[in-house]
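User: Please take one helix of this model and go through it closely: its form, its burial and what surrounds it. Keep it to a single connected account.

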Amino acid sequence: MHKLNLSGLQILVVDDQRPFQVMLKGILKSLGMVNIQFASSGEQALSRCGQTEFDLLFVDYNLGAGKNGRQLLEDLREKQLLKASAIFIIVTGENTVTMVMSAVETEPDDYLIKPFSQSLLKTRLLKLQHKKQHLAALYEALYLHQSAEVIVECEKEIAANGRYEQYCRRVLAETLLNQQNFSALESLLSDSMQQRRPTWALLLEAKFRLQQQDHQRCLALCDEIIELNRLCAQALDIKCNCQLAQGDTEGAMQSVTQAIYIAPFQLGRQYLLLKVAREAASPMDMVQASKQIYELTRRTAKQDVSHLLNYIRTMLDAIVSIDEPAKRNKLQQETLLLLHRSQKDELLLKDVDFERFEQLCMARLDAIEGRYHQAKKAADKICDSIKGTEPDVPDLVMLLIDIGEFEGADHFLAMLSDNNSQDPVLAQMLSQHQLHSEDKRQQLTALNKTGMDRYQEGKYQEAMQLFEQALQVAPGNTGAALNLIQAMLQVLESQQKQKSLALYQRCRQIFKTIEQELLMAHHQQRFAQLQQQYQGYRQELKQSS
């Protein structure tokens, strides 16, 4: 029997409840452990781990404000502050399905439900320490991401029919899948399922079949796993991806929704929901997924301003898609509140001009509500100050598309194409914006072309009507606006005596929507010529009155 040797271990207890700290300290001391430190928050624990290499960590799942136990484990792994031989145990007083499954998916070394006895803890520690010592070389190779060594150590344990053979088969299969060594993987999985069909093997074969685009086999395996264990959220994830690949968006939404219900705190799962919701045109699911991604990454090693910006962008996209005034208004208020609250997070926003991002969001809200004049004014000013590599360039592109200034949008989009730092979520948003604007682009092009044809034929009234229609399609389009002014001036020219006051007023109204100094070079000269011609007619009108 393996002898428990705990006296020299460095122990960290992370719990925000002092009574539990005292109770666990008593149990640990009775088991011979003396080097015990305490932390009452995830942030404090992370700091402690930066100073001391701990051998054994007891971490409560719920730690009040700040990081929880799952996030702490993820951060320690991300920052490589958890040595290969360390034992990490999540402890919690909750035993709900959501809590347990979310914790288990993070794969701590063990999971304990409060309260627990000294004898139970001793038994668990004995098993964990034996496994860590017996597979020390394997854990070290995994820690250092040495795939070749991982394969060697796994094959040793499998050949010896050792106590941890099944665990090593799973690790080996995962390694082979990551290497895309499909022939070796298929052979290993076939051999591993001769006697029985363990869930880990079924899951890995389902992933393998999905990569091979064998969708029928993949779905059959997922259903087999779910039949064995209805709480296997990973099987539902794979099934969802398979259904998406087949174009079954409705089925994919059902699968990912079930997976989220079981274990909602897995980041990849929320990204999957966001992807499916976008495919299914389900705006509120998109917002919910973006919110969860933002919340799950806050105060963790994965924290990034892009999660906040994408959350706000998703809310703006959703507002466009919602027809019900009450829901639309509520989402607008939530967007404004989030923008206001986010201003205070200076650390998160240190690399972003958040004031300008907020201006872009407000302009997009103006465009959504039909206030195109205000939206265009904001866009013109920002176009003059923004560079092609800044984080809010995509927001300017989307604003320009919203108001119909497609030429400007394409100009900044070309800059983005040279910058490969776009994240997939944002790239998908931009792609959808372009796709949704395609019809308007075609209508605008056709109306402008027909209008110019009528203009060349001297049919200025008809041309004017066509350019008015073009502005209805793309209210902020400078080219269409200048075309309309040019046609109206020709109509005024043809009116020898009784020049239309209404026409002058419409001309003036359009001129006010254009900032000459912010125009693209090829528009500036044309604007100046048309304005000079307009001022001449205006003077005539004053003299005649």
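Analyst: A helix here is a DSSP run of H or I with at least four residues, and helices are numbered from the N terminus. The part chosen is H18, residues 354-368. The model is predicted; mean pLDDT over the chain is 91, and 96% of the residues score at least 70. Among the elements, mean pLDDT runs from 79 in helix H26 (residues 521-544) up to 98 in helix H12 (residues 233-245).

H18 has 15 residues, and the distance from its first C-alpha to its last is 21 Å, close to the 21 Å expected at 1.5 Å a residue. After the helix comes Gly370, with a positive phi near 85°.

Most of H18 is covered, with twelve of the 15 residues buried. The buried set includes Phe354, Phe357, Leu360, Leu365 and Ile368. Arg356, Glu358, Arg364 and Asp366 are also buried, and these four count as charged. The buried residues of H18 pack against helices H16 (305-321), H17 (325-342), H19 (372-385), H20 (393-403) and H22 (424-456).

One of those partners, H16, also borders a cavity: H16 gives three residues to the lining of the largest cavity, the largest share. Helix H14 (267-279) and helix H15 (283-297) each supply at least two. This cavity has a volume of about 40 Å³, and the count of cavities of 30 Å³ or more is one. Its lining consists of Tyr271, Leu274, Ser290, Ile293, His307, Asn310, Tyr311 and Val425. By class, the lining holds five nonpolar residues, three polar and no charged.

Key: Residues numbered from 1 in each chain as written. Predicted model: local features only at pLDDT ≥ 70, side-chain atom pairs only at ≥ 80, totals over all residues. Heavy atoms only, no water. pLDDT = per-residue confidence, 0-100. Expected span 1.5 Å × (residues − 1). Buried < 20%, exposed > 50% of the residue type's maximum accessible area, 1.4 Å probe, protein only. Contact = heavy atoms within 4.5 Å. 1 Å grid on protein atoms, 1.4 Å probe; cavity = no way out; pocket = protein on both sides within 12 Å on 5 of 7 lines; lining within 4 Å. Points joined across faces, edges and corners; volume = space filled by probe spheres on them.
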